[in-house]
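Dear colleague,

I am passing on the structure we spoke about, and below it you will find notes on how some of its strands are arranged. Please read them with the structure open beside you.

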Protein chains: 4
Amino acid sequence: MGHVSNLSTEKLRSMNGHAAIGHVRYSTTGSSVFSNVQPLFANLPGGKIAVAHNGNLTNSKEIHDRLERTGSIFQTSNDSETILHLLAQPGYRDPKNRLQKALGELEGAFSFVFLNPDALYAARDWHGYRPLTLGKLEDSWVVASETTAYDLIRAKYVREIEPGEVLRIDKDGLTSSRIESEDPGKRAHCIFEHVYFARPDSLVFEKLVYNSRLESGKCLAREAPVDADIVVPVPDSGVVSAIGYSRESGLPLEMGFIRNHYIGRTFILPDQSDREAKVRLKLNVVPRILKGKRVVVVDDSIIRGNTSRSRVKFLRDAGAKEIHVRIACPPTRFPCYYGIDFPDPEQLIAHTSSIDEICRVIGADSLAYLSEDGLLDAVGGTRNTFCTACFSGNYAAKPKGGITKNQLE
Amino acid sequence: MGHVSNLSTEKLRSMNGHAAIGHVRYSTTGSSVFSNVQPLFANLPGGKIAVAHNGNLTNSKEIHDRLERTGSIFQTSNDSETILHLLAQPGYRDPKNRLQKALGELEGAFSFVFLNPDALYAARDWHGYRPLTLGKLEDSWVVASETTAYDLIRAKYVREIEPGEVLRIDKDGLTSSRIESEDPGKRAHCIFEHVYFARPDSLVFEKLVYNSRLESGKCLAREAPVDADIVVPVPDSGVVSAIGYSRESGLPLEMGFIRNHYIGRTFILPDQSDREAKVRLKLNVVPRILKGKRVVVVDDSIIRGNTSRSRVKFLRDAGAKEIHVRIACPPTRFPCYYGIDFPDPEQLIAHTSSIDEICRVIGADSLAYLSEDGLLDAVGGTRNTFCTACFSGNYAAKPKGGITKNQLE
Amino acid sequence: MGHVSNLSTEKLRSMNGHAAIGHVRYSTTGSSVFSNVQPLFANLPGGKIAVAHNGNLTNSKEIHDRLERTGSIFQTSNDSETILHLLAQPGYRDPKNRLQKALGELEGAFSFVFLNPDALYAARDWHGYRPLTLGKLEDSWVVASETTAYDLIRAKYVREIEPGEVLRIDKDGLTSSRIESEDPGKRAHCIFEHVYFARPDSLVFEKLVYNSRLESGKCLAREAPVDADIVVPVPDSGVVSAIGYSRESGLPLEMGFIRNHYIGRTFILPDQSDREAKVRLKLNVVPRILKGKRVVVVDDSIIRGNTSRSRVKFLRDAGAKEIHVRIACPPTRFPCYYGIDFPDPEQLIAHTSSIDEICRVIGADSLAYLSEDGLLDAVGGTRNTFCTACFSGNYAAKPKGGITKNQLE
Amino acid sequence: MGHVSNLSTEKLRSMNGHAAIGHVRYSTTGSSVFSNVQPLFANLPGGKIAVAHNGNLTNSKEIHDRLERTGSIFQTSNDSETILHLLAQPGYRDPKNRLQKALGELEGAFSFVFLNPDALYAARDWHGYRPLTLGKLEDSWVVASETTAYDLIRAKYVREIEPGEVLRIDKDGLTSSRIESEDPGKRAHCIFEHVYFARPDSLVFEKLVYNSRLESGKCLAREAPVDADIVVPVPDSGVVSAIGYSRESGLPLEMGFIRNHYIGRTFILPDQSDREAKVRLKLNVVPRILKGKRVVVVDDSIIRGNTSRSRVKFLRDAGAKEIHVRIACPPTRFPCYYGIDFPDPEQLIAHTSSIDEICRVIGADSLAYLSEDGLLDAVGGTRNTFCTACFSGNYAAKPKGGITKNQLE
């Protein structure tokens, strides 16, 4: 539990062994409880096994109910526990193909690492929703979601774990096999990794995120130009797109928002309904730069709209003459079943409102989003390789039985 | 985790609900880990349930192996987890008799409390190895091992949970039923509860422990008199027996050992093989009382013999002229399968040595133990109501398949 | 800060150096703050110095005010800080006699240890109010208030630091000198150390506390006999006196109160005005021993009377037929200026009430105190060697200017 | 002790009173000890007083020695304690001018806030080395070093505390007076606040830091142009200057370094001499942006040169074809006596090496610094209003007696 920065070197050094799993959970407040910490661990008849999971299974409730009927006790509210219970079943005892067979029962998005005393396994669903990559550090192998992890430890990026692949890493090296389920023949990489999640210096789905964002900013400048004085990014995720917009439009870039690095929760004011205070705590606005200016604000996305409304208000209070909001992705209108923690569709402002209405709600003088084609160009992909369902509603595989977000939790 | 005295009132008050289980684990160092903390909890198909267990199951390994073969994942090294997995099996879904039926599969010693949102259950094995009692505090019911718990909260002792009983306590009051296995027709209350475990002010198996110890001391004075100057108890568990010995023998009682209340582990000397230091840290000897005296030392029991040897040495160093050790129970020669954490029989000094040899090993001038009949008289019981197997080797029910201590852990 | 038992061996081992001061503060709730932790430390012109103090200075306010007028800043509310500020004054720079001269300015009770990089100093006021002793552990010297400290670490008791002595301990051994103030020619050892404070296995003012208490119990039986069935001690401080009373009277000793070792503050009931609950948490009463009995209760002292009243009530509730309270010291009627934390005289029940009245207040059938002569006989002292001012009001040296408790704090 | 982000809202809310001082210490590792925590507090004859200090006194050792000779005990190694001891002296008891008089004895840089039960005082030395400003939040006054503090709590900036001013704030409002020492008639604002220390969104010495840095970057582009492909800032302090350089030169800005926000000390590799690892942990380099490019790297300053050397190496390893380092301030050649924690002059690379030599040491293809005049233009000041001693060696007031850094500590 707790932040990675609280990890002590002493604790790390006190750990023995030749292999390890580290996992940083991207959690919403409610589910940040001890029992949901990963990696999960079980002492199965076939031996000890640990697992960490990135993604979201869409048939975990179905499997959970089936196994509970035969006597399994689930310890967590975590869909990742499902794979451990599957592996504990009598039908999955053959060490040769137990993982391949069990993974074949899962639907949805999964990038898994498993560790047992003999081997490390990395596995990725056939659609390849989430990234998973292989790196090498001297004689050792490393598996990570984002390639920046390799930069930090000076390992080298080798390749992606392929969609549908189960890669076994042991003292004899690498052994690659396939998940025992049918290849849908279509990839569905999450385009939001490039829009928001991944670091700009990561190579995700074999493309540098920085370049995707720079291109998306340039494309946005072409698709939605505006007669203005300065381009102001929303730090940190909007900075690269704003550079692209500035460069393509010729408008000067100014850091009109300054991020407050060391502010914790301490200073949250008593009246917690004051959303503006929370936004202000994260970003400070610089009036002397903005006063009297026509400002293009470049941000990565608009989810609920509240934060954007606060920011536009700050710019207005700081004296900006015009405020033109430019978003480096299309409107997010549909829920994600594969691991992005969007709110209920009713709370997604683009699900319920038109772009004009959103513009009015956030108080901007104009608002424009990047087109889906523009974004696909920027990331260098197509509708057959990327999942753009949160923009388009076109899911690669609809979850069976009308699964809802609540059921998943 | 941690000591009861570290519990904060704030934490207790922050807990909501109308019923609760508290559990203090009597653990050896090795197993004091988080996953063994009780109560255990599971979210079963029949609803949430928590359980705390006093005692030791002798067929838990057998059940563990059977359930693992059908897909159950065990989380702890705790034999108490067995009952939760039994309750999760498809055959135990009928709320009317699931507990009675599942408990009927267990062998060994168990005093259980279960808590679900509707009711609290208290259950005790047919032999009644461990105590379990019912109390009342105004309109509320309380269940506890030792009756001193009632004194502290000013509740009233009502009765024992009977051997083989499953007592359900809910908003409609008490409902008593029986475990669905055959009554062996013989009780086997643990006599060591009176010798050492329980507090003197507890009523255990319906007899005051203080009186058992006072009688055992008197009986010991009759069975093993000695021509001496003073009677010195080993605090705290030997004090009441020593009063009995003093009163029956007419020899004056002197507190030749003083307990060090506030000494923690801090002062353990670097050379950890120095067992004497550890004993000294617990008890201080008072030379000016002992010098030139013929001393009767009354203790509750001798397990390995090391501690006794150190104490005799301290008395000798303090100037005692003669040292006569009197033990208020018979020699402990056999392992306990039912919850007393005796060491392996090879380490039980009375398993491997005669009384004369023990006397030589500990360096006393004489050594005598209370007889088994004497102890049974003192506790007011018989071989048909008490388990004296640790003295006699006569177990009420031999664990099947030659179970060993290691298997249990 | 915190309990000695929370000290970790690692912390102790991480401390370097060849000498150290440990100090356990006997504090009332209010003053248990960081700034009052001892030893105090200062970086004086003459070098670094640390000091720990047992006792109470009666002219510290006067010195405090004087030094503050010339520019000294006091950091604590602790009277012990006075000596550091005295040593910092320009007149106390001669290393040969600075301590002797500065200590000569102090009035009241003090047993001090000082530590600088070169030497350890132990010093005691001319009256010898508080104990201070010298011990030896192999080639090292140890200084402690109570001699039980030596038993724990296997050091040997050597002698008392004499009243008025300043003992310097350095690599060349011991050097003894005297405080530069007049010897009042009269000692005033605190008799309450024998009554209550010290451990029974300590040698205090060269007499074993155990023997003082045993004698006081015997004397009490002679001075205040009673026709009863059993003698019940109030643990722990009343146990030895009760053995004495039992032995002299021939009445059997019974442990009618059992101490609750592991109870912290947790279980204090919401209604904090319920004093009985607090007393009950410390001691449990054993009804089955007391029912129908005429009981002599032996306690060390009665301060406010509330605790005694609760205990008498418990015995009555437990079925005792008669309750005769016997106190192993005279009534405590007067304030202590020398380190015993008595409440204001108005709260001392013996200050405001006669013995008959106290008996009625606490609800006993009879009440008797040991006489002052009886106590002096028990401790083997006289009015010229012991301070009995809390009983008699005869102070060895009245604090100047009508000092009050509040001024001291 | 600890990070501001560890402060809990509960702790803040539990503090009573109508005024408070918060202080974040900019400390080097060695001096981050409890006794150096600010605000300092003292219970003086004139009443309780707390003080926090930004800056560095150059005659504190002299005053320390003088007061120690008359009996004062210093508790900390902190030069800020000096003012408290001055205020405790008999000559400073007149509440009307004690602060003004005591501050008049101090030399060096100081921005002080004092708090007593009646009033808050803000005071600043006559040279005005460090910033100190006044803000207003509804009916309350606020004092802070940097004006961003006001933005966070939505207070309004009012004005600077003037050099030599002592501003008293109490329930009757503001009362301004002067320090009782001669106005040197020359200001010496620390120019390094604009170069490095202050946040870009702060108004320091009445000029927006963002604008100073933007101007310094533009000026640097004019003074030291280079034929290159991209401009890469060293985040965060070099970002605004790099925007200025990019805008003036027309070269595109690229974020070739990405900051690692959540990396703590955990991952510091065992071989601590590996300086590169530490630098890498703070910034990640993005090879795909840099490969084959001629790069202008804009940084705020070079102190020892090690970090710059590592960064140049990273860029080279990432495939940059040419690396031109541009520094937005002049070479730092001289020690600072007024609060900037520069290393010893021997470790300042510009103290010992020429610019050409530095260029070779860090491995760049070219290196240029901003001129002192260029920097003064950028901050809008002159040699009569700003202290540029770390560049020029021209100190506004040489510390008496050849004070050295070591003496100050």
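In chain B, B:His53 stands opposite B:Phe112, a residue of strand E3(B). Please bear in mind that this is a predicted model. The two strands concerned, E2(B) and E3(B), the latter spanning residues 108-115, pair in the antiparallel sense over eight bridges. Strand E2(B), which covers residues 47-57, is mostly covered, with eight of its eleven residues buried.

E2(B) also pairs with strand E1(B), residues 40-44, and here five bridges join the two strands, which again run antiparallel. A hairpin of two residues leads from E1(B) to E2(B), and B:Leu44 has B:Gly47 of E2(B) as its bridge partner.

In chain A, an open sheet of six strands follows the order E1-E2-E3-E4-E8-E9, with antiparallel pairing. Strands E1(A), residues 40-44, and E9(A), residues 173-178, stand at the edges with a single partner strand each, so one side of each is left without a neighbour in the sheet. On average, and with direction ignored, neighbouring strands of this sheet are turned by 20° against each other.

At the E1(A) edge, five bridges join E1(A) to E2(A), residues 47-57, in an antiparallel arrangement, and A:Asn43 has A:Lys48 in E2(A) as its bridge partner. Helix H3(A), residues 81-88, packs on the sheet, where it touches E1(A), E2(A) and E3(A), and the direction of this helix makes about 10° with that of E1(A).

With best wishes

How values were computed:
Residues are numbered from 1 along each chain as its sequence is written. Chains are lettered from A and ligands numbered from 1 in the order in which they are written. This is a predicted model: local features need pLDDT of at least 70, side-chain atom pairs count only at pLDDT 80 or more; totals for chains, interfaces and linings use all residues. Side-chain values use heavy atoms; hydrogens and water are left out. Buried means under 20% relative accessible area, exposed over 50%, partly exposed in between (1.4 Å probe, protein chains only). Helices (H or I, at least four residues) and strands (E, at least two) are DSSP runs, numbered from the N terminus. Two strands pair if DSSP finds at least two bridges between them. Axes are lines fitted to C-alpha atoms, for helices over the stretch in contact, and angles run from 0 to 180 degrees between N-to-C directions. Contact means heavy atoms within 4.5 Å.
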